[in-house]
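Thanks, everyone. Let me put the structure up, and then I'll walk through its interfaces.

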Amino acid sequence: MEEIRVSSPKTTVELIDILASFDGKYLMIAGCTDLLVDSRKKLNELELIIDLSSIKEMSYIKLLDNTLVIGAMTTFTEISESSLVKDHAFCLAKAAGSIGSPQIRNRATIGGNIANGSAAADSAPALLALDAWVRYTDRAGNVYTVGFQDFQENHRGQMKEKRAFIECIGIPLKDGNGFSSFIKLGSRSEVSISKLSLAAAISLDDKDIIRSFRLGMGSVGKTAVSVTAAEKLMEDRLLGDALIHELGVLLSKEIEELLKGRASMPYKKKAVIGLVQDLFNK
Amino acid sequence: MKITFKVNGRFYEEEIDPTFRLIDVLREKLGLTGTKEGCGEGECGSCTVIFDGAAVCSCLVLAPQLEGKEIYTVESLGEDGQLEALQEAFIKNGAVQCGYCTPGMLMSAKALLMKNPNPSEMEIRTAISGNLCRCTGYNQIVRAVKEVAGCTN
């Protein structure tokens, strides 16, 4: 059997050249923390492995035009420890710090997490709550910038066909008072796959009235979901215990619908009522 | 494929199957069997090594990703046949029982102390949170690391 070829481009220009000139069966690898768990045997079916870990220009966290921009090869350790992320996208820092273990966070990247697209990906609810966008480039050098929800639903599945790679994600900064939070429920505190996760981003006025509210929920279907009914419930209301309870009841009904017929539904629809309280208490 | 990298300060240039993982390279190519494989999927931490200054699971690094990198395994601890302080503290505090998790625990603790020589107990517990031990109940391990770090909190 012929040995698999490996390319380790150092720049995105080299990467585009490789994608443009190769038509065989290939796989792009980033941190490898999902790949080596699910499909090591599949490596033998490939003609080419493209290892992105040498592309330094894709690993950064910076503020640009009122947007927090994070390179696709940035690790979850870097994201969870970044003061920029903690200041402007706290729920993402919190989600990043709850992924796997320190060893996994040292390798796993945000680009890999969203490209892999697990239903339990912890970054996904946070990116939904933060109105994040994803920028990706195809083999012809065309650049696409799409909302994270649109990316999950319509673009992620076409990445292979387009021979595209994720360059970065962007999080528009919000004005005024606000905060965001993330919480997950798993079977243990570390190295735990989320059974249910919630991320919320809230803007308040000076009287604690909610001016905008976004909520992402993970592990409730094929992809994380944005709960628009929660936005309608929360906006223009005073943040307090009664409203948080109402939100829990609403999310419980959403879960009943989203997971109809699934064995995990009765547990998750109860658990979310407590989880949403923890989301606001942390 | 030919891969060049450093392990425990020694330079290697080896012909390696690109589907090998770092743990396969260490154990099968280099004979460094101190690193133990447990779950093989990043859950237990027994295969932890230090890779470019950070603790990683060697079962989750693909061989081509070693190019130009520097790795430290449990065999790097101690000098001239003498154990290093961290290893001594593990023995003294009963932090080694069956011993299977010990190489991974030591390397997670070592990675923490390299980055932060004076960690708090919480930071120690976080640093070893990806390493499972089914014998000690963890307190002896935390005590051993605290002793070396000289922390009082």
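Contact, in what follows, means heavy atoms within 4.5 Å. One caution up front: this is a predicted model.

Start with the two chains. On that definition, the contact takes 33 residues from chain B and 28 residues from chain A. Between them the chains bury about 2,300 Å². Carbon and sulfur atoms account for 56% of that area. Look at chain B's side. Thr19(B), Leu60(B) and Gln65(B) lose the most area to chain A. Together those three make up 26% of what that side buries.

Now the polar side of this interface. How many salt bridges are there between chain B and chain A? The count is one. Glu81(A) pairs with Lys115(B), and their closest N and O atoms are 3.2 Å apart. Beyond that, eight residue pairs are in polar contact between the chains, both residues at pLDDT 80 or more.

Which elements of chain B give two or more residues to this side? They are β3 (48–51), β4 (54–57), α3 (102–115) and α4 (121–127). The largest share, four residues, comes from β4(B). By class, chain B's side has 16 nonpolar, 10 polar and seven charged residues.

Next, inside chain B. The chain is divided into domain 1, residues 2–75, and domain 2, residues 85–149. Their C-alpha centres lie 21 Å apart. Domain 1 puts 15 residues into the contact, and domain 2 puts in 12 residues. The area buried between these domains is about 1,100 Å², with 67% from carbon and sulfur atoms. On the domain 1 side, Thr48(B), Ile50(B) and Val74(B) lose the most area to domain 2, together 39% of what that side buries.

Across this domain interface there are zero salt bridges. Four residue pairs are in polar contact, again with both at pLDDT 80 or more. β3(B) gives the largest share of domain 1's side, three residues. That side has six nonpolar, six polar and three charged residues.

One residue to finish: Leu132(B). Find it in the loop between α4 and α5 (139–149) of chain B. Is Leu132(B) buried or exposed? Leu132(B) counts as partly exposed because its relative accessible area is 26%, and buried means under 20%. Leaving aside neighbours within four places in sequence, Leu132(B) is in contact with Arg188(A). Within chain B, its contacts are Glu43(B), Cys44(B), Cys101(B), Met105(B) and Tyr138(B). Take Glu43(B): Leu132(B) and Glu43(B) are 89 residues apart in sequence, yet 8.1 Å apart in space, C-alpha to C-alpha.

Note on methods: Residues are numbered from 1 along each chain as its sequence is written. Chains are lettered from A and ligands numbered from 1 in the order in which they are written. This is a predicted model: local features need pLDDT of at least 70, side-chain atom pairs count only at pLDDT 80 or more; totals for chains, interfaces and linings use all residues. Side-chain values use heavy atoms; hydrogens and water are left out. Buried area is the accessible area (1.4 Å probe) that two parts lose on being put together, summed over both. A salt bridge is a side-chain nitrogen of Lys or Arg within 4 Å of a carboxyl oxygen of Asp or Glu. A polar contact is a pair of N or O atoms within 3.5 Å; within protein, one must be able to donate a hydrogen and the other to accept it, and residues adjacent in sequence count only if both atoms are side-chain atoms. Ala, Val, Leu, Ile, Met, Phe, Trp, Tyr, Cys and Pro count as nonpolar, Asp, Glu, Lys and Arg as charged, and the others, Gly among them, as polar. Buried means under 20% relative accessible area, exposed over 50%, partly exposed in between (1.4 Å probe, protein chains only). Domain bounds come from an automatic or database domain assignment.
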